[in-house]
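Hi,

Here is the structure I promised to pass on. Please have a look, then read my notes on its charged pairs below.

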Amino acid sequence: MLQVCLNGPRTAADSGAVPMSPAALAEAARQAVAAGATDIHVHPRTPCGRDSLSPRVVGPALAAVRAVVDVPVGVTTGAWAEPDPARRVARIASWTVLPSPKFSAPLEQGGTPIASVNWHEPGAEAVAAALLERGIGVEAGLWSGTDGPQRSARSPLAPRVLRVLAEVTVTDPDTATATARELLAAVAGSGHGRPVLLHGSDGGAWPVLRLARERGLDTRIGIEDTLLLPDGRPAADNAQLIRAAAAGREWYGA
């Protein structure tokens, strides 16, 4: 699986390629899927560009993207969007449009929608429980340099996680791969037994994507993870990053 992460916490100040509005997210998603993305991760944004879990923000973003693609569409529940865990839970309970496993398909026909939960963040278990109560699957975000893998291993919700999102936060291309291997070992040691999506960020994005491909793991790329192509040129958009990832053997010699 090759996921596209359309925007993340980046803003227009970082790059003109960052999609912000529901319409821009939808167009970016359409182009990325045409380029080879098979899954979409999105951060819904307020008009002023702030990540938000409000149904007035999440609903339009998801509806716009779901209208133009027929692949799973998931969202973040990161604490930066709503620091208070109780308010995060309340926001999830109030969503009127849910992440989608497949465009317009009911749950019994299209599987389970999914949202990511960063397990090192305060309130992670409560947020995960709120998602599960809504019928939304949990993608457990386990970050390098945190106690996320250990906390998830102790969680009674671990058996209900659909996928592990192994996030390498080291951005140095010379050390990101080693950190990724350590993180994968920690994830394996947690006993999840779930599919793993491995990815890096900024300078570590492409080396970690290469490792994911070598190990046969799901992976992702997109404007959230990096603004640069493997050769260091600025990416024009998410679709160009997806095309580069899909043609990986051409830039890493596999």
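**Salt bridges**

There are 10 salt bridges in the structure. Keep in mind that this is a predicted model. Side chains of opposite charge can pair when their charged atoms come close. Three pairs follow, one by one.

**Arg45 and Asp51**

These two side chains, Arg45 and Asp51, form a salt bridge with an N to O distance of 2.6 Å. Are the partners buried or exposed? Arg45 has 6% relative accessibility, so Arg45 counts as buried. Asp51 is also at 6%, and therefore counts as buried. The cut-off for buried is under 20% relative accessible area.

**Arg163 and Glu139**

Here the salt bridge joins the side chains of Arg163 and Glu139, at 2.5 Å from N to O. Which elements does the pair link? Arg163 lies in strand β6 (residues 163-167), and Glu139 lies in strand β5 (residues 137-143). The two residues are 24 residues apart, so this contact links distant parts of the chain. Arg163 and Glu139 are both buried.

**Arg220, Glu224 and Asp225**

Arg220 and Glu224 form a salt bridge too, with 3.2 Å between the closest N and O atoms. Arg220 is buried, and Glu224 is buried as well. This pair does not stand alone: a network of salt bridges links Arg220, Glu224 and Asp225.

Best wishes

Conventions: Residues are numbered from 1 along each chain as its sequence is written. This is a predicted model: local features need pLDDT of at least 70, side-chain atom pairs count only at pLDDT 80 or more; totals for chains, interfaces and linings use all residues. Side-chain values use heavy atoms; hydrogens and water are left out. A salt bridge is a side-chain nitrogen of Lys or Arg within 4 Å of a carboxyl oxygen of Asp or Glu. Buried means under 20% relative accessible area, exposed over 50%, partly exposed in between (1.4 Å probe, protein chains only). Helices (H or I, at least four residues) and strands (E, at least two) are DSSP runs, numbered from the N terminus.
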